[in-house]
Amino acid sequence: MLIDIHAHLTDKRYGGDTQKLVNNFSQKRVGLVVDAGYDLRSSSLAYENAKKYTQIYATLGVHPEKPYEYDGSFEKFLIEKSESEKVIAIGEIGLDYHYDGYDKNLQREVFEKQITLADKLKLPIVVHSRDCSSDMLSVLTDNKKYLNNGFLMHCYSESKETAKKYLDLGAYFSFGGVITFKNSKKDEIVKSIPLDRILTETDCPYLTPHPHRGETNYPEMVELVYAKLCDIFNIDLESLEKVIESNAKTLFKKLK
Ligand SMILES: [Zn+2]
């Protein structure tokens, strides 16, 4: 089976028709999709999707683009809902300095609150990191004692050298459509990471793999990411599927 460890099935582009998404990805042997929350709305919907469909699991959290959504009632929501066996992590959470005008201090504060909460709840975290390399490394290093349940650097896009530092902190890395882009020049970075720390994702509806770039992305397109990884690691698909499944279940203990 194929695994999409990070997808946004609650995106408005899908029109709320989760059943159709499930039918389509199931036909393509995708047996497990993690629906990643990024604010209150998407986290609630991801939770509902996970409850309703066996193949779907959820992560709940506030993305750095919306740190102001994190308050006492959201925290209460995280504590309550994370008791579910289908909620596998807190995420996606992190830092994002891509656009001017983001409140970096608030991002960091909310990120750290969710890191410590995840530790209390004994859950791993799913990290979003964009254009913030040195700050991300310092937040994770400063909070190392709260990372005992593991963490995933989703859609990893930083350097080989930085990957090494995250690895030392215990990171897993997921890769999506970006590694399939022509001229992406990601092969060396991907190859520098031990295969037992790698996961596969789409981040759909974004980052559609080659040759579908520009179209809407779907979980079933994760097969193109698997194909690219087979290429990079010179491994056959069947073996890669086993490795990815074992990695996923090692990091996310609630996955069945
Ligand atoms: Zn995402």
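Is Asp203 buried or exposed? In this predicted model, Asp203 counts as buried, its relative accessibility being 9%. The residue belongs to the coordination sphere of a zinc ion, whose protein donors are His6 (NE2), His8 (NE2), Glu92 (OE) and Asp203 (OD). These donors lie 2.1 to 2.4 Å from the metal. The angles subtended by the four donor atoms range from 83 to 171°, and the arrangement is therefore irregular; four donors would count as tetrahedral if all angles lay between 85 and 135 degrees.

Along the chain, the zinc donors are spaced according to the pattern H-x1-H-x83-E-x110-D. His8 is located in the loop that connects β1 (2-7) with α1 (18-27), whereas Asp203 occupies the loop between β8 (198-200) and α8 (222-233); the pair therefore ties together parts that are 195 residues apart in sequence. His8 is buried, with a relative accessible area of 3%.

His6 is situated in strand β1 and is likewise buried, with a relative accessible area of 1%. Its side chain takes part in a polar contact of 3.2 Å with the side chain of the zinc donor His8. A polar contact of 3.4 Å also links the side chains of His6 and His154. When neighbours within four places in sequence are left aside, the residues in contact with His6 include Glu92 and Asp203, both of which are zinc donors. His154 is likewise in contact with His6, as are Val34, Ala36, Val126, Glu201, Thr202 and Cys204.

Methods:
Residues are numbered from 1 along each chain as its sequence is written. This is a predicted model: local features need pLDDT of at least 70, side-chain atom pairs count only at pLDDT 80 or more; totals for chains, interfaces and linings use all residues. Side-chain values use heavy atoms; hydrogens and water are left out. Donors are N, O and S atoms within 2.8 Å of the metal (3.2 Å for Na, K and Ca); water is not among the atoms, so sites may look incomplete. Four donors count as tetrahedral if all angles lie between 85 and 135 degrees; four count as square planar and six as octahedral if opposite donors are over 155 degrees apart and all others between 65 and 115; anything else is irregular. Helices (H or I, at least four residues) and strands (E, at least two) are DSSP runs, numbered from the N terminus. Buried means under 20% relative accessible area, exposed over 50%, partly exposed in between (1.4 Å probe, protein chains only). A polar contact is a pair of N or O atoms within 3.5 Å; within protein, one must be able to donate a hydrogen and the other to accept it, and residues adjacent in sequence count only if both atoms are side-chain atoms. Contact means heavy atoms within 4.5 Å.
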